[in-house]
Each structure stands twice: as structure tokens, then as C-alpha cells.
Amino acid sequence: MPHLGKGIAYQMELRNYQSAAPTTAKIVIEMLKSAHEKHVESLEDLQRAHHCHCHRYRCRLNILRGDINMSSAIVGAATAIGGAVTAATSNSWFIPMLMAAVAYFQYEEIMDPESKPSDVSSDDILDHYDFIVIGAGSAGAVVANRLTEVENWNVLLLEAGGDETELTDVPLMAGYLQLSKIDWQYKTEPSGTACLAMQGGRCNWPRGKVLGGSSVLNYMLYLRGSKHDYDNWEALGNPGWSYRDALYYFKKSEDNTNPYLASTPYHAQGGYLTVGEAPYHTPLAASFVEAGVEMGYDNRDLNGEKMTGFMIAQGTTRRGSRCSTSKAFLRPARLRPNLHISMNSHVTRIMIDPVSKLAFGVEFVKDQKLYHVRATKEVVLSGGSVNSPQLLMLSGVGPRKELAKHRIPVIKELSVGENLQDHIGLGGLTFLVNQPVSIVENRFHTMSTVLQYAVFGQGPLTILGGVEGLAYVNTKYANSSLDWPDIEFHFVSGSTNSDGGSQLRKAHGLTDSFYRSVFEPINNRDAWSIIPMLLRPKSVGSIRLRSSNPFDYPYIFPNYLSDDFDLKTLIEGVKVAVALSRTKAMQRFGSRLSSIRWPGCEKLPPFTDAYWECMIRRYTSTIYHPVGTCKMAPYWDKDAVVDAKLRVYGIRGLRVIDASIMPKLVSANTNAPVIMIAEKGSDMIKEFWIKNTIV
């Protein structure tokens, strides 16, 4: 199999840096003088002064031997992230400077295991591969890594987007990634009963269009869910998917940096995926956990023996930066000669023989050219809960009525696109405080903050998208004896107002009038918020084709709050959040619910069920966890799409490995469970083709 020529690409990249204008080193030296009050007069002095620390944190000053052109770094990174990012902040210098500093201090040489993968050139794409993996996201990156561990298997990994940027690494800037070029920028269809404060009554549905997929856009929170979730999957007729089975694969991926947790039976070290706490916390984080203890909950590992309780958030971060599945799984594998990664490759259909029902290849568009590549063993679909059902239907696998509507020949009739489930919560539940202890964005727009992060991997920019605490709590509808809580808290040491209206309101799709009424009066005020999240919604939606054109986005009908029980449970979750604000731990900061009445809710008495319902229907906040649209189930289930081995019913040589196979939504954020699914799915493929039972 041909090598991808990474050494040549590296040499070209290095020559470009060395020939650039010699301005950056001087600027960086001045920044370091100001921030650290060190006497540094040259690049050599800088190297000596920071040699030990820079070696630890992968600063590559001694590798560059030249200067980065700061202008090109800024322009290139800003272009990659969509251009609009800079305009979104009042301090237009901050994000370009942050990206340039990251590019400079965290430059990696080609042999560094964290160096970025190369895009296979059109000339090097083969006519056939053993496996073709569609989608390099949270699941696909894992599958590509694990399958290429078998040296005589070659794998083509297709990704519709490009690679990560400097900004995607910065945890606190997660909100700025939405609505950018690395986001598919999906929107739900209006229902008239939810998302009422959003533009057009439609919720934004960010999905990653980049190596690493939504693990590049998400808030990095590492949660697995309840043992009851997985035991229930098995009880529904899916053997091998019990909690005991799942735990093995959670641990296989994990490299937990907390030595206390790593020593327990529920965690592990040495895996590809780095998990740990952010190195920086506001004073509010500890108070949140103290408040939970004050309310009778335990401070515990929510991924451990028991689930109900409070904890400081753990996330997929490494040395203060995001650890996406691309960074964790693709970068260490990028030099394997049996792995080709093709970026900016939009798959248009899976090629399936209508007679033999064999999936034999993939059709995709790259650089405005149409490619047909064959798979001699299997096609693995890892497009996620929106793209996977869309692609199956475009390929002739789906509901007969839906395919006929778009004149797509039916190869296999299955309930593709049904069973859509998602986590939602109340956004914007804002509590003001009387001390400067929260995340107010313009407070952190300083050179010191930039250098703390870029050089040392420390400081407020390492906070996980602003989320510092997590909790599982019980409402009156939960059976507390089961340890299966029905509400999850995301504790944010800020709120929608904390960036002065520059980005979060856009990411959440809020109307200008709603933001002006509710949040503009408290812009940049110190505050914290809790998003009470409904863990096991009863409302179920669907994905539908907009047309037979693979470049047209599908219809997304989440049917939020269509089951009244979901609304009742969320209302009780809001009440628990308000009660938490009144604890001694939170009252030490004078915490009080913002008194601004929301438009449309003015006539309702505050703190009543009707008032909370009004708020929930307006600021219906998706937590970005769509699952279930290619349901794993036994053959007698009318909604079944894949079996317990993740093979598509009635189609040979085709598996789906991603969040869409979940029969029921897990009681947790979904990134860690999806990685687990990919680990297990990869072993299933190996077991089938190597004829070796996994012990």
C-alpha cells in the first residue's frame, strides 16, 4: 500500500515557517516578558528559560529553528473556523492572538504522536480497500484506529470536513465552534411547542463536520450513564450489551489522569482517550459540590459504583486542551501505511447490489470529482444520528413510503430514521452573584490568559466550555432506591449573558428580541447557571429526507415535549436547581435568580409550574445528544435496523457503528458511550473476520 508522503509534507511545512517574516519570536518574547517578568532577549534565551516546561507541554520552540509568520497563522486559522469568529467578540484581537500563540507554542514535529493526520491525495486513493469507514467522528476515528491494528487490512476513512484548528483545542471556546465551517449547522423543524425563543422556532443542532466529529464541538464532558441503561439494552434483546460488557470497553479506551479514580475498578490508564479534570476552577465549582452535599447528596465519581450525586466535571482533555477522538485515536495511527484518511470527502451513497443485497463500496465527492471505491470486506457507517439514516435512505435502505416519495428504489425496507431521542433541558436559568467569581468573558481577554493556556496548559481557558460541575438528582418521579436518577445538572460558572451577547446567543439560536429582553440588562454581570437535563425522555422523533439530493440537509423532527411526562419531570428538575441556589454554599455569593420576566411568561406567577413550563418551552436547550435512528434491536422489533452485532438487517457487508444504534438514550452525555460502542463494534468486526473469539 502506498505511503502518504508525510515526510515530504512536513519538510515543505517547515520550510514555509523558516522563510516567514521574523516577527513572531520578538512579539512572543515581549508577551513573555510582560506575563512572567523574565529577562528574555532572544529565542535562545526563551528556549533555555522554558526548556523543561516546554518539553513537558510540547512547546516546539527548539524544533522550529525559525519564526512563524503571525499574520498567516491568524488568517489561516480564522479562515478555517469560518471567519465570523473574530467579529463575534468585542475584543477582536483576542481570538486571533490566542490562535497564533497556540500555533507557535504547541507546534508539533512530524514524528510527534499528536501531529495532525495528512489528507490522502486523489492520486493515492486506491480502487479498493478491505474496509471503508464513513465518517471520522467520535465513532469512526476509533474504528479506523482499531481496524488498522491488523497490519494486513487496509482502511479508507472518509470525512466530509477537514481537520481541527488551533481554536478547537481551547476548552472554554467551545461555544465559538458552533455555526462555523466545522459544524453541519443543522436546525430542527418548528413544532410550535418548544424552542419558542429561537429564530423561527427552530433549535440549532450542531454536529461536527471535521476529523473527530462532534467530539471537536462538544463540551468534552465524560459521563457513561447508569448500569441500568446497558442492562436494559440487553434485556430488550441485544445480547452482549450489558453494563458488564460496556464497562470493559469504557476502560479499554480510557487513560484517566486522576490517580484516585484510576485505582478503582471502574477506571483505567493507558488507553488512547485522556480523561481528567480541568486544571483551573472558579470558586463556584467547589461551592456547587458543597451545595449538593448540603442537600443530602454524596460527592462521588458519577462514573463509578453509584450514580446519584455531585462531582467536579471530568472531561476528555489532555494537558489543558481538548482531547477529541481525532487527537486520541487518529493522530497516533496516522503514519500506519494501511490507513488512508480522505478529508473533504462527501459520501453520496453506499453502493449496494439490489439482487445480492451486498454493500460493495462507496460513492463520494472530493475536489468536485466523483469517486467509486470498493470494499472487499465491509462498509462501516459512522455518520452519526443524522447523517447515517440519511445516507442509508439515499442508498435505498429505509421506510418504503419515505423512499418512494423521493423516487429512490427500495433495496431493503427498514425503519431507518425512526426512534430519534435527544436530551433537552432549560437554558438560561441564571443566578446572579455579588462577587467577581464567575466566568465573564471580557475579564479573561488578557495576554496573561492567552499565555497561561498556550504555554502552560493552565488558566480559565481550560474550563470545559464553562461547565465546572455535574450532578445526577432525583425528582419526585424517580425511584431513588434504584439509583437511576432522572435529571442531570450541568453547572456552568457563567450564563448566556457572560459573553456580552457576542456568541452564545447565536450558538443557541436565540432571537434578538428575546436576548435583549432577558439577558442584555445583565450583560457581563457575574452569574452562574444550571441546565437541568431530562435524562430519559419519552418523546420520540424522526429524521426524514428533504430530497434525493445528498447535499440537501434532512428534516429533523425531534418532537420535544410531545409527551407531557417529559415536561413534568423537567419542571421538577428546575425546582431542585432553584433549591440548590438557596443553600448556604451558594448563598455565600449572594446567589439569586435573575428577576427579569421572560417574554410570553410575564402574566404567570413566578416560581409556579406554569411559569417554569413557559420558560422550558421558550429556551428549550438541546444538549446535543441525538441517538437511536438506526436502532439496534432483535429482528422481531418493527423499528429494528441493526442486530446486536451492528449489522444492517438484510444487507451483507454493512454495519452501523455510532450513536444511531442506541435502542434507548443513555442517562448521560453521549460521547463516552459512543466511543464505547465503537470499541465494541471494532472487536466484533475483528472477531468475525479473524475467527477469533474475544475473551
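How many residues sit between β13 and β14 in their hairpin? There are two, and one residue in that turn, Asp367, has a positive phi of about 55°. Keep in mind as you look around that this is a predicted model.

**View 1. Strand β13 has a partner on either hand: β12 and β14.**
Start with β13 itself, residues 359-366, which is mostly covered, with six of its eight residues buried. Strand β12 (residues 345-352) runs antiparallel to β13, and seven bridges hold the pairing. With β14 (residues 369-381), β13 again pairs in the antiparallel sense, this time over six bridges. Glu363 is a handy residue to find here: it is the bridge partner of Arg349, and it also stands opposite His372 in β14. The hairpin of β12 and β13 has six residues between its strands, and Lys357 there takes a positive phi near 60°.

**View 2. Ile350 is part of the largest nonpolar core.**
This core has 91 residues, and Ile350 and Leu392 are the ones that touch the most other members. The biggest share comes from helix α23 (residues 671-690), which puts in eight residues. Zoom in on Ile350 and, leaving aside residues up to four places away in sequence, you'll find it touching Ile134, Ala359, Gly361, Val379, Leu381, Leu391, Leu392, Ser395 and Leu654. There is also a second, separate core of 62 residues, with Tyr186, Ala291, Leu561 and Cys601 among them.

**View 3. Tyr297 and Phe310 make a tilted aromatic pair.**
The model has 28 aromatic pairs in total. In this one, the rings of Tyr297 and Phe310 are 5.5 Å apart, centre to centre, with 50° between their planes. Tyr297 comes from the loop between α13 (283-294) and β7 (309-312), while Phe310 is in β7, so the pair ties together parts 13 residues apart in sequence. Both residues are buried. They also belong to a wider aromatic cluster, together with Phe288, Phe431, Phe491 and Trp528.

**View 4. Tyr477 and Phe565 meet edge-to-face.**
Why does this pair count as edge-to-face? The planes of the two rings stand at 65°, which is over the 60 degrees needed. Their centres are 5.1 Å apart. The two residues come from distant parts of the chain, 88 residues apart: Tyr477 is in the loop between β19 (467-473) and β20 (487-492), and Phe565 is in helix α20 (residues 564-581). Tyr477 is partly exposed, at 33% relative accessibility, and Phe565 is partly exposed too, at 31%.

**View 5. Two lysines sit over tryptophan rings.**
The charged end of Lys209 is over the ring of Trp184, 4.6 Å from its centre. For Lys377, the ring underneath is that of Trp689, and the charged end is 5.7 Å from the ring centre.

**View 6. Strands β5, β6 and β8 form an open sheet with mixed pairing.**
The order of the three strands is β5-β6-β8. At the edges are β5 (254-256) and β8 (314-315), each with a single partner strand, so one side of each has no neighbour in the sheet. Strand β6 (residues 273-277) and β8 run antiparallel, joined by two bridges. Look for Gly276, whose bridge partner in β8 is Gly315. Helix α11 (residues 243-253) lies across β5 and β6, at about 65° to β5.

Notes. Residues are numbered from 1 along each chain as its sequence is written. This is a predicted model: local features need pLDDT of at least 70, side-chain atom pairs count only at pLDDT 80 or more; totals for chains, interfaces and linings use all residues. Side-chain values use heavy atoms; hydrogens and water are left out. Buried means under 20% relative accessible area, exposed over 50%, partly exposed in between (1.4 Å probe, protein chains only). Helices (H or I, at least four residues) and strands (E, at least two) are DSSP runs, numbered from the N terminus. Two strands pair if DSSP finds at least two bridges between them. Rings of Phe, Tyr and Trp (its six-membered ring) pair if their centres lie within 6.5 Å; planes under 30 degrees apart count as stacked, over 60 as edge-to-face and the rest as tilted. A charge sits over a ring if NZ of Lys or CZ of Arg is within 6 Å of the ring centre and within 35 degrees of the ring normal. A nonpolar core is a set of buried Ala, Val, Leu, Ile, Met, Phe, Trp, Tyr and Cys residues joined through side-chain atoms within 4.5 Å. Contact means heavy atoms within 4.5 Å. Axes are lines fitted to C-alpha atoms, for helices over the stretch in contact, and angles run from 0 to 180 degrees between N-to-C directions.
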